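Please look through the structure shown below, and then follow the explanation that leads from one part to the next.

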Amino acid sequence: CKDYAIVNKIYEVALHSAPAYMLDTAAWVMGKKQVMRSVVAKMHKGREVTEFFATNEWKWSNDNMKKLNMELTDVDRKTFNFDMSTLNWPDFMDAYIKGTRQYFFKEDLVTLAEARRHSDKMFWIEKCLQIFLLIVFARLFAWVFC
């Protein structure tokens, strides 16, 4: 929604860009590689590319495809394979994600295993942090209201 574009921009700067600059400055001071600004830039690029499609309502119809499939001969059905129920969705999504990573984000697929390990690690760190914060807020709530 365009009404909230300025609010979104403020959040982007406050919650993404500013922390990225701070972390990269700290990394620079410690003599380490600065990567957070590029990570945030990729994140923003991904959001910008998908924003139009994510913020609009879409109505899709496959009536024409169904009609065309009914008109195909058996040989054409095997050649063009319109039947989506035969699609191996896990393999399709794996190829889709790899393609997006390689051609859209220009990242080497050699680092995919490392990225998956990092993603898993960050997932569990987030879950531990959520549990910790839940305990802190529960104790705070109990202390204030009980």
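Lys106 counts as exposed, because its relative accessibility of 65% lies over the 50% that this class requires. In this predicted model, Lys106 is found in the loop between α5 and α6, the latter helix covering residues 112–145, and its phi is positive, at about 55°, although the residue is not a glycine. Most residues other than glycine have a negative phi.

Glu107 lies in that loop between α5 and α6 as well, and its side chain forms a salt bridge with Lys42, the closest N and O atoms being 3.1 Å apart. Because Lys42 belongs to helix α2, the pair ties together parts that are 65 residues apart in sequence. Glu107 counts as partly exposed at 23% relative accessibility, and Lys42 is likewise partly exposed, with a relative accessible area of 34%.

Glu107 also leads to the largest pocket, which has a volume of about 800 Å³. Of the 16 residues that line this pocket, those closest to its centre are Val39, Arg101, Glu107, Ala115 and His118. Helices α2 (36–54), α5 and α6 each supply at least two residues of the lining, and α6 gives the most, with six residues. By character, the lining of the largest pocket divides into seven nonpolar, four polar and five charged residues.

Salt bridges in the structure come to a count of ten. One of them joins Lys9 to Glu12, with 3.5 Å between the closest N and O atoms, and both residues lie in helix α1 (residues 5–29), three residues apart, which is about one turn of the helix. Lys9 is partly exposed at 46% relative accessibility, whereas Glu12 is buried at 4%. These two residues are linked with Arg47, Glu48 and Glu51 in a network of salt bridges. Elsewhere, the side chains of Asp74 and Arg77 meet in a salt bridge of 3.4 Å, N to O, and the two are separated by about one helical turn, because they are three residues apart in helix α4.

Turning to the aromatic residues, a search of the whole structure finds nine aromatic pairs. In one of them, Trp89 and Phe92 meet edge-to-face, at 5.5 Å centre to centre and with 80° between the planes. Both residues lie in helix α5 (residues 89–104), about one helical turn apart. Phe52, Phe53, Trp58 and Trp60 form one aromatic cluster, and Lys45 lies over the face of Phe104, at 5.1 Å from the ring centre.

Notes. Residues are numbered from 1 along each chain as its sequence is written. This is a predicted model: local features need pLDDT of at least 70, side-chain atom pairs count only at pLDDT 80 or more; totals for chains, interfaces and linings use all residues. Side-chain values use heavy atoms; hydrogens and water are left out. Rings of Phe, Tyr and Trp (its six-membered ring) pair if their centres lie within 6.5 Å; planes under 30 degrees apart count as stacked, over 60 as edge-to-face and the rest as tilted. Helices (H or I, at least four residues) and strands (E, at least two) are DSSP runs, numbered from the N terminus. A charge sits over a ring if NZ of Lys or CZ of Arg is within 6 Å of the ring centre and within 35 degrees of the ring normal. Buried means under 20% relative accessible area, exposed over 50%, partly exposed in between (1.4 Å probe, protein chains only). On a 1 Å grid over the protein atoms alone, a cavity is a set of points where a 1.4 Å probe fits but cannot get out, and a pocket is an open set with protein on both sides within 12 Å along at least five of seven lines; lining residues have an atom within 4 Å of a point. Grid points are joined across faces, edges and corners, and a volume is the space filled by probe spheres set on the points. Ala, Val, Leu, Ile, Met, Phe, Trp, Tyr, Cys and Pro count as nonpolar, Asp, Glu, Lys and Arg as charged, and the others, Gly among them, as polar. A salt bridge is a side-chain nitrogen of Lys or Arg within 4 Å of a carboxyl oxygen of Asp or Glu.
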